[in-house]
Amino acid sequence: MSDSLWTISALIVILILASAFFSSAETALTAASDARMRQLATKGNKNAKIVESLRADREGLIGAILIGNNAVNVLASAIATSLFITLYGEAGLLWATITMTVLLVVFAEVMPKTYALTYADRYALTIAPVIRIVVLALSPLALAIRWLASITIRARSDEDTDREEELRGLIELHGADGDDDDRETQAMLSSILDLNELTVEQIMTHRGSVNMINAEDDLDDILRRVLESPHTRHPVFAGTSDNIIGVLHVKDLLRSIGHLGENVSENGNGNKFVQDIASPAYFIPETTLLFDQLQSFRSRREHFAVVVDEYGDFRGIVTLEDILEEIVGDIDDEHDIDLPGLTPQADGSWLVDGSVTIRDLNRALGWQLPDEDASTLAGLVLFESRTIPMPGQEFRFHNIRFRVVKRDGNRITSLRLWSH
């Protein structure tokens, strides 16, 4: 009787150790670093390659481990119950339940999983060959159980899972408790996701703020206007501003003038001259998503696009730099102006041109004015007030006080803003 008791006790201990092995294996193989395993595998580490192959079929791996773990737990509990009933009669059932619960929770779950989580990479490499054998041995049973579960419960499609929201959550977690660099990285990654939601209309330079060239002007006037501008590319129009006939690059203009030499003044009207050197305009609709436009700029090797509405009317321009600034923030050079059309006043208010875009204003002042229903400040006032206000009228919305300063026809040209 004594030898039999020790044999059964030893068998229970072995089963608890097996349960601890399965529990720790599950934790280690799921917590091990993907990057670390990839690096070791490329250097020829066989166990790292086994870890990668096991993790490639996570469902099969977890299924086999759970089958093995539950099998040894049930067997250990059954043997312990039989032993305690033999020793203590009917009261043995209660003692077996209490004893096995404590042993399994402490020695087969908490301790092994804590160890495996602490040394996940090292432990995963150590146990990988053994787990591969277990997975191969239990794979038929795991497949059968998986098939039974699939016909019993309809699995949710991956399409039902909002991957974008999951990514945003991971990005926020990454930057929540990090330093300034982490928060800057968080902002950039979030901006990349925003590219698939924002349209060029929301970031474009509105037509009222675009430096344009009239092809019918004298060549001297065209040259003076170009040299006074901080920009290198200018839309060229003939007749009306909606009739865009090309894009003039400063480098092309200066190169052509250099070739003409003393004959520049003889050209008088610049029409034919500008049309000859202007590049064809690249037109895009205002509803184009920023992500799609970025891809188009890359494929076409373009940096500059003319934005038109559904009727083909000129709305503004967008550049590759505009899109990149949505990701990394402002990219300033020695020719940049802080924000044309934004002038601070002595009383703490701001005098703003109506054509200033809401996104530029938000970026410059750190405000949060909405830009879903209007792209410019004048458009926002028209949308919120539901009227065409007269000069001197004031409104307050989104915690900002607006006063209309000037109006040209039905177009608001100047406003004064207070943030308090």
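## Salt bridges, sheets and a hairpin

D34, R55 and R58 are joined in a network of salt bridges. This is a good place to begin a walk through the model, which is a predicted one. Within that network, the side chains of R55 and D34 meet at 2.1 Å, taken from N to O. R55 sits in helix α3 (residues 46–56) and D34 in helix α2 (residues 34–42), so their salt bridge ties together parts that lie 21 residues apart in sequence. Is R55 buried or exposed? With a relative accessibility of 8%, R55 counts as buried, because the cut-off for that label is under 20%.

The structure holds 14 salt bridges in total by the rule used here, and two others make a nice contrast in setting. E109 pairs with K113, and their closest N and O atoms are 3.1 Å apart. Both belong to helix α5 (residues 92–118), and being four residues apart there puts about one helical turn between them. E109 is partly exposed, at a relative accessible area of 25%, and K113 is partly exposed too, at 29%. The other example is the salt bridge between the side chains of R411 and D408, at 3.6 Å from N to O. Here again the partners are partly exposed: R411 has a relative accessible area of 48%, and D408 has one of 49%.

Now let us turn to the strands. Strands of a sheet pair through backbone hydrogen bonds, in either a parallel or an antiparallel way. In this model, four strands form an open sheet with mixed pairing, in the order β1-β7-β6-β5. Which strands lie at its edges? They are β1 (205–206) and β5 (283–285), each of which pairs on one side only. β1 is joined to strand β7 (residues 314–319) by two bridges, in the antiparallel sense. If you look along that pairing, you will find T205 opposite I317 of β7.

Helices pack on this sheet as well. Helix α12 (residues 290–300) touches β5, β6 (304–308) and β7, and its direction makes about 135° with that of β6. Helix α13 (residues 320–328) touches β1 and β7, with its direction at about 65° to that of β7.

For a look at a single residue, try N214, which is found in strand β2 (residues 213–214). N214 is buried, with a relative accessible area of 18%. Setting aside its neighbours within four places in sequence, N214 is in contact with I222 and F237.

The last stop is a hairpin. Strand β8 (residues 342–344) pairs with strand β9 (residues 350–353) in the antiparallel sense, over three bridges. Across this pairing, T343 stands opposite L351 of β9. Five residues lie between the two strands, and in this hairpin G348 takes a positive phi near 90°. β9 has another partner to trace: four bridges join β9 to strand β12 (residues 411–418), and these two run antiparallel. There, W350 faces L417 of β12. R411, met earlier in its salt bridge with D408, falls within the residue range of β12.

Key:
Residues numbered from 1 in each chain as written. Predicted model: local features only at pLDDT ≥ 70, side-chain atom pairs only at ≥ 80, totals over all residues. Heavy atoms only, no water. Pairing = 2+ DSSP bridges. Salt bridge = Lys/Arg side-chain N within 4 Å of Asp/Glu carboxyl O. Buried < 20%, exposed > 50% of the residue type's maximum accessible area, 1.4 Å probe, protein only. Contact = heavy atoms within 4.5 Å. Axes fitted to C-alpha atoms, helices over the stretch in contact; angles between N-to-C directions.
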